Amino acid sequence: MVAAANMVEVAALVGDTARATMLAALMGGQALTASELASRARISRSTASGHLGKLVGARLLAVTQKRRNRYYRIASPLVARMLEGIKAVAAIEVPQRHQPRSITDTRLRFARTCYDHLAGYLGVAIADALVGKGHIVLTDDGGEVTASGMDFLSAFGAVPVPKSGSRRIFCRPCLDWSERRYHIAGHVGAEIHRCCLERGWLRRDRDTRIVRITPAGQIGLCKTFGVDLSGSRAPAHLGLHGVMNRRPMEIC
């Protein structure tokens, strides 16, 4: 009965429109202030503070004080996984309804952050490449990095083994809500994302989960993972950092 009551409490907290909007904004992995979250949810700061207090109390969010500001973030990967799972279920439409996509939605579907790892077409393409080369094994039951995968990750600059005492899941499949297939989550997924950012291959939008690929990223992703984005037929107004039409992944 206690577990059921806790589930109802969490569901009620996440089910509120304003709180759901703020939680979604934090799924990019960034810490945001109450004012920033209030702006995203289009509510007053005082109302946002009340919502955030409830989310912190339920341990869905964690808060850090820095000078005059309090910064809120997703409390743990477990919470992020729950929220992404809800998004995946919510994306299922039977029958599917045709809805014109905005530029923002199209970019989100192409490349975005899912908490601390890559998602969207790009995230799935990287997962496909690593699985195809035998570096990673992804199944419904979990993920595994092979011996060749450990060598590949080390050469790429990733830290293949989490810090001692870390409770983080090492490697796991994460169902992508837009592609309906797996991308890589856990420590391995976070390390791939980190390395791509540090190499200047990706650039994150400040106020969204959108990830943009730089010219250096197009070359690096092709040479390292075999993901070729040069032939993408992006709408002209999106330029080099646009999105590709859905098509099979090309190998360089």
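These are my notebook entries on a few spots I looked up in this structure, which is a predicted model.

**Entry 1: helix H8**
I started with H8, which covers residues 147-156. Gly 149, Phe 152, Leu 153 and Phe 156 are buried there. They span an arc of only 95° around the axis, so they sit on the same side of H8. Then I checked the face turned away from that buried side, and it carries the exposed residues Ala 147, Asp 151 and Ala 155. What covers the buried residues? I found that the cover includes helix H7, strand S7, helix H9 and helix H10. Right after H8 comes Gly 157, and its phi is positive, near 105°.

**Entry 2: aromatic rings**
I got a count of five aromatic pairs. One of them is Phe 110 with Tyr 121, a stacked pair with 6.0 Å centre to centre and 15° between the planes. Phe 110 is in helix H6 and Tyr 121 in helix H7, so this pair ties together parts eleven residues apart in sequence. Both Phe 110 and Tyr 121 are buried. Next I looked at Phe 156 and Trp 201: their ring centres are 5.7 Å apart and the planes are at 45°, so I noted the pair as tilted. Phe 156 and Trp 201 are both buried too. Phe 152, Phe 156, Trp 201 and Phe 225 make up one aromatic cluster.

**Entry 3: two positive residues**
I found Lys 87 over the face of Trp 177, 4.6 Å from the ring centre. Arg 172 belongs to strand S8. How far away is its nearest side chain of opposite charge? That is Asp 116, at 7.4 Å, and Arg 172 is buried with no salt bridge. Its contacts further off in sequence include Arg 81, Leu 138 and His 183.

Methods: Residues are numbered from 1 along each chain as its sequence is written. This is a predicted model: local features need pLDDT of at least 70, side-chain atom pairs count only at pLDDT 80 or more; totals for chains, interfaces and linings use all residues. Side-chain values use heavy atoms; hydrogens and water are left out. Helices (H or I, at least four residues) and strands (E, at least two) are DSSP runs, numbered from the N terminus. Buried means under 20% relative accessible area, exposed over 50%, partly exposed in between (1.4 Å probe, protein chains only). Lys and Arg count as positive and Asp and Glu as negative; His and the chain ends are not counted. A salt bridge is a side-chain nitrogen of Lys or Arg within 4 Å of a carboxyl oxygen of Asp or Glu. Contact means heavy atoms within 4.5 Å. The arc is that of the directions from the helix axis to the C-beta atoms. Rings of Phe, Tyr and Trp (its six-membered ring) pair if their centres lie within 6.5 Å; planes under 30 degrees apart count as stacked, over 60 as edge-to-face and the rest as tilted. A charge sits over a ring if NZ of Lys or CZ of Arg is within 6 Å of the ring centre and within 35 degrees of the ring normal. Lists of a residue's contacts leave out its neighbours within four places in sequence.
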